[in-house]
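Please read the points below with the coordinates open beside you. They concern backbone geometry, internal space and helix packing.

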Amino acid sequence: MTREADQPGIGVGTWAWGNQFLWGYDPKRDDGLLEQTFQRCLELDFRFFDTADSYGTGRLNGRSELLLGRFAMQASTAQRQQLCIATKLAPFPWRLGRHGYAKAFAASQRRLQGQMKRVQLHWSTARYAPWQEPALIDGLADLVERGEVASLGLSNMGPKRLRTVHRQLQGRGIPISSLQVQFSLLAPQPLEDGGIITTCRELGIELIAYSPLALGLLGRSAGDPRQVPKGTRGNLFRRLETSLSPLRQTMTEIAANRPGGLAAVAMNWCRAHGAMPIPGLRTPKQVEQAAAARSWSLTGEERAALDRLALMEGAARMPANPFQSA
């Protein structure tokens, strides 16, 4: 069994904090619970929080950052010093040039009350506007160089684009701290030969797995008494359910007599491949479940069995991010 010390940690995703379309966020109902969730994260030693300037639906745009900033400022000074709050800035078409992120960065830091430690490119523009990206990357590097933020990360890049950006930043002496990609038992593409897992390991870049629970589907057992979510998530769940039986059976066997349930199996599979999962945590109970996952690791045989099921032809697959570059 892999030692806990050799495994990546588990971070906290906050996509749902403010998102009404996919997650049904209601400020009157949810804000108090999210504050309790954040406090439980601190109590159980969760220190990495991922957000984005585009998280929040419509008029609630930026809500995730606003909540994180508010909660962080209620923590003690010692606790805040240990936090790493990372924001992704969207490369919208009107954000151009080396200073294209200046206003967005300042707005995010205001919402976060100065607590942002890592700034990240939200997605690569390689598929539709490759000329836009280098200047934005230089602008992010400028922020690190000036000491306005501690570190720089990327998101939704494949091996080819990552190597290009790595060369660009290496020339300036600015390290890439992390790369986020969709990675789960239903999105195992980073495992492919020459894929992003191999590239990140070679370049010394921390890999972060977003949607490690496939929007919550991998935490549900067969015959789960909870209602299927409404809307887009529910449609996705119903489409994928029919192909999940073999994977669920193996996950259930692995989860037996271990804490954290099926969600812990899914998170620990990411960790076994060197990626830090950032599940969306919205309740103290979910925080406790993620903490339970940190208490154990998959054996080599268990990981191999899950790999075979995840990679086999015809296995259930999450939709690919359309902005993921090669």
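1. Asparagine 257 is exposed, with a relative accessible area of 85%, and that figure should be read with the caution due to a predicted model. The residue lies in the loop between α10 (245-255) and α11 (261-272), and the phi of asparagine 257 is near 65°, which is a positive value in a residue other than glycine.

2. Glutamine 113 also deserves a look at its backbone, since its phi is near 55°, a positive value in a residue that is not glycine. Glutamine 113 is placed in the loop between α5 (102-111) and β4 (116-121). Is glutamine 113 buried, partly exposed or exposed? With a relative accessible area of 42%, glutamine 113 is partly exposed, because the value falls between the 20% limit for buried residues and the 50% limit for exposed ones.

3. Turning to enclosed space, a search of the whole structure finds 1 cavity of 30 Å³ or more, and about 70 Å³ of space lies in the largest cavity. Its lining consists of Leu185, Leu186, Ser243, Leu244, Pro246, Leu247, Leu309, Ala310, Met312, Ala315, Ala316 and Arg317. Two helices, α10 and α13 (300-311), each supply at least two residues of that lining. By class, the lining of the largest cavity has 10 nonpolar, 1 polar and 1 charged residues; the residues named above that can be checked against this division include Ser243 and Arg317, with serine counted as polar and arginine as charged.

4. Among the open sites, the second largest pocket has a volume of about 280 Å³. Of the 16 residues that line the second largest pocket, Val181, Gln182, Gln189, Pro190 and Gln324 are the closest to its centre. The lining of this pocket divides into 9 nonpolar, 6 polar and 1 charged residues.

5. The last point concerns helix packing. How do α2 and α12 run relative to each other, roughly parallel or roughly antiparallel? The axes of helix α2 (residues 27-43) and helix α12 (residues 284-293) come within 8 Å and cross at roughly 25°. Angles under 35 degrees count as roughly parallel, and α2 and α12 are therefore roughly parallel to each other. As to handedness, the crossing of α2 and α12 is right-handed.

Definitions and conventions:
Residues numbered from 1 in each chain as written. Predicted model: local features only at pLDDT ≥ 70, side-chain atom pairs only at ≥ 80, totals over all residues. Heavy atoms only, no water. Helix = DSSP H or I, 4+ residues; strand = E, 2+ residues; numbered from the N terminus. Buried < 20%, exposed > 50% of the residue type's maximum accessible area, 1.4 Å probe, protein only. 1 Å grid on protein atoms, 1.4 Å probe; cavity = no way out; pocket = protein on both sides within 12 Å on 5 of 7 lines; lining within 4 Å. Points joined across faces, edges and corners; volume = space filled by probe spheres on them. Axes fitted to C-alpha atoms, helices over the stretch in contact; angles between N-to-C directions. Parallel < 35°, antiparallel > 145°, perpendicular 65-115°, else oblique. Left-handed = near helix turned anticlockwise from the far one by under 90°.
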